[in-house]
Amino acid sequence: MQQKAVPPRAWIDIARLEMQIQGANPKPDWSGVENALKGAAALLEPNHVELVLLKAELALRKDDIKSAREIVTAAREKVPTEAEFLTA
């Protein structure tokens, strides 16, 4: 039996794995991470905890601290009860 769609959890795992692989590379190519996050975003809520935190981590790995802060702050404003966003 062949599955036609990739489940959201798999996109998150692919993004996390690709981020680790590229993080060890002297010249990282973040396009694989970005594509996996797009796949996850298409299937998950915009404020899904892991999705938001991975987007922020990607911004940090790209040395874009301002964007990382904006990503987490926006999520915190939309879901103020989520502890992960308060501590990120």
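These legends accompany several close-up views of a predicted model.

**View 1. The whole chain is built from helices.**
Let's start with the overall picture before zooming in. The secondary structure of this predicted model comes to five helices and zero strands, so reading from the N terminus gives the order α-α-α-α-α. Taken along the principal axes, the C-alpha atoms fill a box of roughly 40 × 35 × 15 Å. The chain has 88 residues, and 24% of them count as buried. How many of the contacts between residues at least 6 apart in sequence join residues at least 24 apart? The share is 51%.

**View 2. Helices α1 and α2 pack against each other.**
Here you can follow helix α1, residues 8-23, alongside helix α2, residues 31-43. Their axes lie 8 Å apart and make an angle of about 160°. An angle over 145 degrees counts as roughly antiparallel, and α1 and α2 are therefore roughly antiparallel to each other. The crossing of α1 past α2 is left-handed. On the α1 side, the contact uses P8, W11, I12, I14, A15, E18 and M19. Facing them in α2 are G32, V33, N35, A36, L37, G39, A40 and L43. Sorted by class, this contact of α1 with α2 has 11 nonpolar, three polar and one charged residues.

**View 3. A36 is a buried residue of helix α2.**
This view centres on A36, which lies in helix α2. Is A36 buried or exposed? Its relative accessible area is 1%, so A36 is buried. Leaving aside neighbours within four places in sequence, A36 touches W11, I14 and A15. Those three residues are also listed on the α1 side of the contact with α2. For another landmark, look for R16: its C-alpha atom is 8.9 Å from that of A36, although the two residues are 20 residues apart along the chain.

**View 4. The largest nonpolar core draws on three helices.**
Twelve residues are shown together in this view, as the largest nonpolar core has 12 residues. They are I12, A15, M19, W30, V33, A36, L37, A40, L44, L51, L54 and L58. Which elements give two or more residues to this core? They are α1, α2 and α3, the last of these spanning residues 49-61. Helix α2 gives the most, with four residues. As background, nonpolar side chains tend to be buried together in soluble globular proteins.

**View 5. Helices α1 and α3 run side by side.**
Now bring α1 and α3 into the frame. These helices pack at an angle of about 15°, and their axes are 11 Å apart. Angles under 35 degrees count as roughly parallel, and α1 and α3 are therefore roughly parallel to each other. In this pair, α1 passes α3 in a left-handed crossing. From α1, the contact is made by R9, I12, A15, R16, M19, Q20 and G23. From α3, the contributing residues are E50, L51, L54, E57, L58 and R61. By class, the contact of α1 with α3 has six nonpolar, two polar and five charged residues.

**View 6. Helices α3 and α4 form another packed pair.**
The axes of α3 and α4 come within 7 Å and cross at roughly 165°. That makes α3 and α4 roughly antiparallel to each other, and their crossing is left-handed. To trace this contact, find V52, K55, A56, A59 and L60 in α3. Their partners in α4 are I65, S67, A68, I71, V72 and A75. The residues of this contact divide into nine nonpolar, one polar and one charged.

**View 7. D63 sits in the loop between α3 and α4.**
The loop in this view joins α3 to α4, residues 65-78, and holds D63. Most residues other than glycine have a negative phi. D63 is not a glycine, yet has a positive phi of about 65°. Is D63 buried or exposed? With a relative accessibility of 69%, D63 counts as exposed.

**View 8. K78 is an exposed residue of helix α4.**
K78 lies in helix α4 and counts as exposed, at 60% relative accessibility. How far is the C-alpha atom of K78 from that of P46? The separation is 10.0 Å, for residues that are 32 residues apart along the chain.

Terms used:
Residues numbered from 1 in each chain as written. Predicted model: local features only at pLDDT ≥ 70, side-chain atom pairs only at ≥ 80, totals over all residues. Heavy atoms only, no water. Axes fitted to C-alpha atoms, helices over the stretch in contact; angles between N-to-C directions. Parallel < 35°, antiparallel > 145°, perpendicular 65-115°, else oblique. Left-handed = near helix turned anticlockwise from the far one by under 90°. Contact = heavy atoms within 4.5 Å. Nonpolar A, V, L, I, M, F, W, Y, C, P; charged D, E, K, R; others polar. Core = buried A, V, L, I, M, F, W, Y, C linked by side-chain atoms within 4.5 Å. Buried < 20%, exposed > 50% of the residue type's maximum accessible area, 1.4 Å probe, protein only.
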